[in-house]
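Hello,

I am handing over the structure we talked about, just below. My notes on what turned up in it follow, and I hope they help you find your way around.

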Amino acid sequence: MNNNEIKSLEDLEVALLDIIYNPEKASMTDIERLKNLTIEPIQIHVSDSEHGNALSASMLKIFTEYQDSVYKAVKIAKYGNVNCRLSSEDKAGFELYIKFKEGSVLAEIDWQAIIQRAVEAMNGWQIFGLIAIGTLVYGAYKGFKVFSDNKRLDAEAYREMQIKVAEIDARTENSRQQAKTVSEIAALANETNKTTVSMLKELSRISGTVSINGKNYQRGELVELANETRNEFTGEKPQTDDEQEIPMKHVSGKFLVSRIDLDIDDPIKEVQKRTVNLVNVDTNEIFKNVPITGKNLSDEQKEIFTKAVDGTPIELEMVVAYSDTDKIKSICVLKCNGIVFREPELF
């Protein structure tokens, strides 16, 4: 196995790929190559005058998810599976600490101590110890483009590793155990990627300004970065411009509910769907076949639409999306009879 030292995130990426494509050359001493890896803390500065130094429960949950992933990586690296129980000694030194500073929602997430502890504790660890710890650190950092914008390791690479390990010698118990270990590493990679995506999305919801290691991001940029991080890992292709261009318009006014149509499944005589036609009182524009069944409508909304069949106008504010000039794709209700919905109802 290549014994070059790992000093940067890019070096770590090369080392992980080397093992992924040559798993038969993995060694229990590989993790020692991390001893000179130096990665600066993830510094996230949020200027949010409304909350000061406060930390949201959602953000706290994300830190907890990172910590859970750390312990899973240790289980995989030391014992080869995540079903074992870590002792207090196993956990020592693997706590993830976040430092807070005045004027910020959060300041630093420092992974360096965990890397150093892994090198110190590696004696007797599994041959895939490096890839378990490396996958954890790489997954946590890679979504933040300020560290590296190279193409990231994706889910397909980990699947290929599983196949290669299974092919080395499928007849031995050792090989089967190694294949299980690799499958858990793949699950860890997916989990860490999701947590980083959640972090970026949570930051995008903050009304203040956000900077990551000195680079400022707008809310839309953080959402885009989260989507890129997810798509690069899963291999999903972003929508084309044509797919994204859905004709939409904002509609408000008073509407009559013209009728309720029932879609009945004949074999069991059960109503599968109820739809209504909405008629704009001022413009006479008709919105046909709007469904009023299913979990996407609250009971309150269903009752409003049902009662309006008697001819009582209802006041609506909504966004209408069209799949073509004649057919409604979806309607998002923003306000109904003066009631504002904090989470718009889509039906």
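The largest cavity has a volume of about 40 Å³. A cavity here is a set of points on a 1 Å grid, laid over the protein atoms alone, where a 1.4 Å probe fits but cannot get out; grid points are joined across faces, edges and corners, and the volume is the space filled by probe spheres set on the points. Counting cavities of 30 Å³ or more gives 1.

Please keep in mind that this is a predicted model, in which local features need pLDDT of at least 70, side-chain atom pairs count only at pLDDT 80 or more, and totals for chains, interfaces and linings use all residues. Residues are numbered from 1 along each chain as its sequence is written, and side-chain values use heavy atoms, with hydrogens and water left out.

Which residues line the largest cavity? They are Thr-135, Tyr-138, Gly-139, Arg-152, Leu-153, Tyr-158, Ala-189, Thr-192 and Phe-233, where lining means having an atom within 4 Å of a point. Two or more of the lining residues come from each of α5 (129-142) and α7 (173-204), and α5 gives the most, with 3 residues. Helices are DSSP runs of H or I with at least four residues, strands are runs of E with at least two, and both are numbered from the N terminus.

Strand β1 (residues 42-47) is a nice place to look next. Ile-42, Ile-44 and Val-46 point to one face and are buried (under 20% relative accessible area, with a 1.4 Å probe and protein chains only). Gln-43, His-45 and Ser-47 point to the other face and are not buried. In a regular strand the side chains alternate between the two faces of the sheet.

β1 also has partners, where pairing requires at least two bridges found by DSSP. With β3 (residues 108-110) it pairs in the antiparallel sense over 2 bridges, and Gln-43 stands opposite Glu-108. With β4 the pairing is antiparallel too, over 4 bridges, and Ser-47 stands opposite Thr-209.

Just along from there, have a look at Asn-213, in the loop between β4 (209-212) and β5 (215-217). Asn-213 has a positive phi of about 50° although it is not a glycine. Most residues other than glycine have a negative phi.

As for the whole protein, there are 10 helices and 11 strands, and buried residues make up 42% of the 347 residues.

Best wishes

Key
Buried < 20%, exposed > 50% of the residue type's maximum accessible area, 1.4 Å probe, protein only. 1 Å grid on protein atoms, 1.4 Å probe; cavity = no way out; pocket = protein on both sides within 12 Å on 5 of 7 lines; lining within 4 Å.
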